Amino acid sequence: LNSSSTEVVRSLFHNKSNCTLIIVSVHASDGYSSLRCRASQLDDLRVGDAHSSCSLFTSESLKWPGFVEFDDVNQKVLTYSADEKTYKVWSMADPSEVLYALPDAQIQEIKISPGIMLLVLTHECGGGHVPLKILSIETGQVLREFNQLVRRGKKIDVIEQFNQKLLLKQEDAPLSIVDLISSSVIKVPERRFKTPLAFIFLYEHQCFLAFRSNEVLLWNFRGELVSQFCDHRLWFPQSVVDHTSVIFITHSQDVIISLCEDRPHDGLSSTQPRKERLPHSESRESIHVSHISTGECLTRIDWQVVDKSPVTALSYNEERGDIIAGNELGHIQIWSN
């Protein structure tokens, strides 16, 4: 797929709206500092033509802190131009069409959910509230504008939106699950809900996965822990920057495929002291296939039997039931169902 020997492909996105593969890359000519996007027709790729492509978002300066984000749920693309200091929302069906623009004068963060966007606006650090706006993802129209109360003097660790629910977590404070329609609040004590590194929202089941260190927990929006994963300690190779590349969730959101650390005869949980566990030399990594709602490990795949090079990307073919793994050497393994 590389257009030249000096191009480094950063990510790929399958645009189902117009049957293209969007390639996001950086080039040596500008010190690998700016993202460039182009779209290749899948029909061209099937016959081996990787060079017939169309450049996308050429009007935007995607040099850091500029970025491009693909929203598969709403079929939208969000870009941020560092030069213009402007966010733009594009149609995924026609990526040349700008739907609307948002100047970043007050925008600190943007969170995207089905049908809506949450804008977190600039606010006084340690102040008593955070100004928020909820916009229609289709038109950019402001649907609601309000100030969310927070504890003074406490750093905000997490602020995320899922449909009408707002998740707010401050340093050394409980998790607040705020209903944006009724304004009701459910609190989860800090001892039960530690600040996670990342969330994945499961829209089909009205739940969310919280990732913290090598642990994954499933929570619902009533503040209840739904499941913990059995024998499931996430493992990330050193070369992987984007940890989501080695985690895959099926379209029905019932199964998670991930890289995990296995330790023979080790029945200890990840919360027990490290000195009580087996030394790392006795550990081994494998691909785990786990049921999300129960936490049960359905099967494991030992990729090292074929190739000991660390896996850096995981995917799953929903139609064929194949698990696809790519590694540091550029090799691909396909495990058939």
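This passage describes a predicted model, covering a four-strand sheet, a nonpolar core and two single residues. Local features were taken only where pLDDT is at least 70 and side-chain atom pairs only at pLDDT 80 or more, while totals for chains, interfaces and linings use all residues. Residues are numbered from 1 along each chain as its sequence is written, and side-chain values use heavy atoms, with hydrogens and water left out.

Strands of a sheet pair through backbone hydrogen bonds, either parallel or antiparallel. In this model, an open sheet is formed by 4 strands in the order β17-β18-β19-β20, with antiparallel pairing. Strands here are DSSP runs (E, at least two residues; helices are runs of H or I, at least four residues), numbered from the N terminus, and two strands pair if DSSP finds at least two bridges between them. The edges are held by β17 (198-202) and β20 (225-228); each has a single partner strand, so one side of each is left without a neighbour in the sheet. From one strand to the next, the twist averages 25°, where axes are lines fitted to C-alpha atoms (for helices over the stretch in contact) and angles run from 0 to 180 degrees between N-to-C directions. Strand β18 (residues 207-212) pairs with strand β19 (residues 215-220) over 6 bridges in the antiparallel sense. F211 has V216 in β19 as its bridge partner.

The largest nonpolar core contains 15 residues, of which I22, V24, C37, F57, V68, F70 and V77 touch the most other members. Such a core is a set of buried Ala, Val, Leu, Ile, Met, Phe, Trp, Tyr and Cys residues joined through side-chain atoms within 4.5 Å. Two or more residues each come from β2 (20-27), β3 (36-41) and β5 (67-71); β2 gives the most, with 3 residues. Beyond four places away in sequence, F70 touches F13, I22, V24, F57, K76, V77 and M92, a contact being heavy atoms within 4.5 Å.

Two further residues were examined. E109 is part of strand β9 (residues 107-113) and counts as partly exposed because its relative accessibility is 30%. Buried means under 20% relative accessible area, exposed over 50%, and partly exposed in between (1.4 Å probe, protein chains only). The C-alpha atoms of E109 and L121 are separated by 7.0 Å, although the two residues are 12 residues apart along the chain. S136 lies in strand β11 (residues 129-136) and counts as buried because its relative accessibility is 13%. Contacts of S136 more than four places away in sequence are with Y100, G115, Q141 and L143.
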